[in-house]
Amino acid sequence: MDLIGTALPALSEAIHLIFQPQQLLFLMLGVLLGLSVGVFPGLGGIAGLSLVLPFMFGMDPVSGLALMVGLIAVVPTSDTFASVLLGIPGSTASQATVLDGFPLAKKGEAARALSAAFISSLFGGLIGACVLTFFVLIARPLILAFGLPEMLMITLLGLSMVAILAGSIAIKGIVAAGFGLMVGTIGEAGAGGSLRMATYDIPYLTDGLSLVIVGLGIFAVPEIIALLRQDQAISKTGGLGKGWLDGIRDWWRNIWLSVRSAIVGVLVGVIPGLGGSVVDWIAYGFTVQTAKDKSQFGKGDIRGVIGPESSNNAKEGGGLVPTLIFGIPGSGSMAVFIGGLALLGYDAGPHMVRYELDLTYTIVWSLALANVLGAGLCIALSGQIAKLTTIRFTLVAPFLFMVIAFAAFQSRQELGDLVALMAIGVLGIFLRRFDWSRPAFLIGFVLSAQAENFTNMANQVAGAKFRQGWSEGMEYIASPIVLVILALTVVSVVVGIRQAKHIMGSADWSTGSKRAPMIFLLCVTAYLIFAWVNAMSIDLVSDKIFPVTVGTVTLIGCFVLLFQMVKLPAGAGIFADLERGAEDGKAPHGLWATLAWFAFLLALSSLLGFVLALSIFFLAFFRIRAGISWKKTIFLTASGIGFICFLAGILHRDFPAGLLQSYIKLPWPLT
């Protein structure tokens, strides 16, 4: 009763503050900014919050909070546009949506997929706010119950989603995940700082690869190249198919899936460090595992949109729990949010919850209201925006190349970002071509750093506990929470392996000779051997034990896969090759000739700088590749350059500078 007596007055005061006209205006402004930022792949909440942070000085606290919360709330909603319409993850929180959302768009059901996603996001956001309302008062003991073993087990639960995403050839999915884990270890080790697969002669690699670049390279580049080769609209039917009302009906028919996924999102969001990087994969795996008919997942099943989208907005509510209660950011955007709070004169943590409970609830219910406003706007606009799928893709692709190159460069603002994007893009093309699970690779990469950190720390603490006594050690590593999560992980793996053959398989894909798939496997194996040997040469056990262990397991998988390839005939599904049939094999434009256009843009950027390179690239592409008139070419070129300059200006972002800028001082935006 004391809790209720404390909470109700604070909640009443918070609602009164939120519905003041000035606060609603700032909340709406934040929603509009969040929608604008979220539609561009690779930017996301951190870029948006960075945009408004300079304006926090001197603002009324409730107005400033409304602006920031409005922006945070809708980025996971608006990033769905890119995931569904273009097959490009709008952010790390919408990667799983691509798996079924994009196939729906290709079938001409983009409006249906978008509206189902938006209503799911709205519902998930409201669930997150409701749970957060009570969690603010009771979550302290729950969060304190999660120690290192529990965090490690949650990470392993995330990795277990590989089982359901592995495809019809499970071993290829497992090797892809191990490959992703190994790529995630590139750079300085977190424990002792040893360099792995990196050297100070190439400083870029010492910090490893950025998730933004890997996400864009693995998903965006291959899909853009594949669509560009077809030289037609994304939607095969040339129409929008079912509208937004059908998507809402789909959500209502799957309401309990939305409820369950939202709860998953809140629970994962509560745990600092996990958040958006893994919640959609856990929700997607959960959605597939609990479905009776799994045959359409990965091919355009609306449930594959509803599950992840319900969870990724609910995750924002969960992510505010450690942020507000302990001052521990649950994600990068929450770290910037804490900085914004400081500029408004508040420190997130126990003091804020204890003495500023009304302000805390203002944040919580601003989040709920922003979800309503954002989802409503997106649903209203989805029918019109979905018409992008009916435009000839050759006229869209250059602008996508521009946006993903710009977004990738914001990772570290070095030319190495563009080189890394190209390299990972080529890898993504090969993974797609030979039916290797790209989601499995990405899950491995995302969870690599935290899996290693939790493993090292848990091992050190467990070692100390066991030295005190066997019972103390077992009590530490086998807590009830650990055992429950372990059981869930085992169930996830068993069910996943049983059901993976029914989804995301390559049964419809043509197979070719053994040569090309085997060469790719040998290249992956060679990299893993080199990385394993490199890790073995490290002196510090803490810095080499993770890559050596993962490398060993993954290499065993490679050798098993190689043995199967030698033994099986050329027509077996293990030799899936998109270039031997299907759409890619019949495409009017070649793979490497199409990829060369993107390489041309990146190479030219390193020589002349981004804006000059874009001007030449647009003129050449529209005239030669698209074959349109000079009048349209000049108009589209000017529109693209003007747009990217406007975007960079309002976000205070720089463009890649080339060799030319080292010799000649040029004005912005040519600098």
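**Exercise 1. Classify Arg253 as buried or exposed, then place its salt bridge with Asp250.**

Step 1. Arg253 has a relative accessible area of 59%, so Arg253 is exposed. The cut-offs: buried is under 20% relative accessible area, exposed is over 50%, and partly exposed lies in between (1.4 Å probe, protein chains only).

Step 2. Asp250 counts as buried because its relative accessibility is 4%.

Step 3. The closest N and O atoms of Asp250 and Arg253 are 2.5 Å apart, and the two form a salt bridge. That term needs a side-chain nitrogen of Lys or Arg within 4 Å of a carboxyl oxygen of Asp or Glu.

Step 4. Both residues sit in helix α12 (residues 244–253), three residues apart, so about one helical turn separates them. Helices here are DSSP runs (H or I, at least four residues), numbered from the N terminus.

Step 5. Widen the view: a network of salt bridges links Glu109, Arg112, Asp250 and Arg253.

The model is predicted: local features need pLDDT of at least 70, side-chain atom pairs count only at pLDDT 80 or more, and totals for chains, interfaces and linings use all residues. Residues are numbered from 1 along each chain as its sequence is written, and side-chain values use heavy atoms, with hydrogens and water left out.

**Exercise 2. Find which parts the salt bridge of Glu223 with Arg432 ties together.**

Step 1. The closest N and O atoms of Glu223 and Arg432 are 3.6 Å apart.

Step 2. Glu223 lies in helix α11 (residues 211–230) and Arg432 in helix α20, so the pair ties together parts 209 residues apart in sequence.

Step 3. Check burial. Glu223 counts as buried at 8% relative accessibility. Arg432 is buried too, at 14%.

**Exercise 3. Do the same for Arg433 and Asp577.**

Step 1. Their side chains meet in a salt bridge of 2.8 Å, N to O.

Step 2. Arg433 lies in helix α20 and Asp577 in the loop between α25 (541–567) and α26 (582–585), so this pair ties together parts 144 residues apart in sequence.

Step 3. Arg433 and Asp577 are both buried.

Step 4. For the count, a search of the whole structure finds ten salt bridges.

**Exercise 4. Describe how helix α19 meets helix α20.**

Step 1. The axes of α19 (residues 397–409) and α20 (residues 415–433) come within 8 Å and cross at roughly 125°. Axes are lines fitted to C-alpha atoms over the stretch in contact, with angles from 0 to 180 degrees between N-to-C directions.

Step 2. That angle makes α19 oblique to α20. Under 35 degrees is roughly parallel, over 145 roughly antiparallel, 65 to 115 roughly perpendicular, and the rest oblique.

Step 3. List the contact residues (heavy atoms within 4.5 Å). α19 gives Ile404, Ala405, Ala408 and Phe409, while α20 gives Leu415, Asp417, Leu418 and Leu421.

Key: Helices (H or I, at least four residues) and strands (E, at least two) are DSSP runs, numbered from the N terminus.
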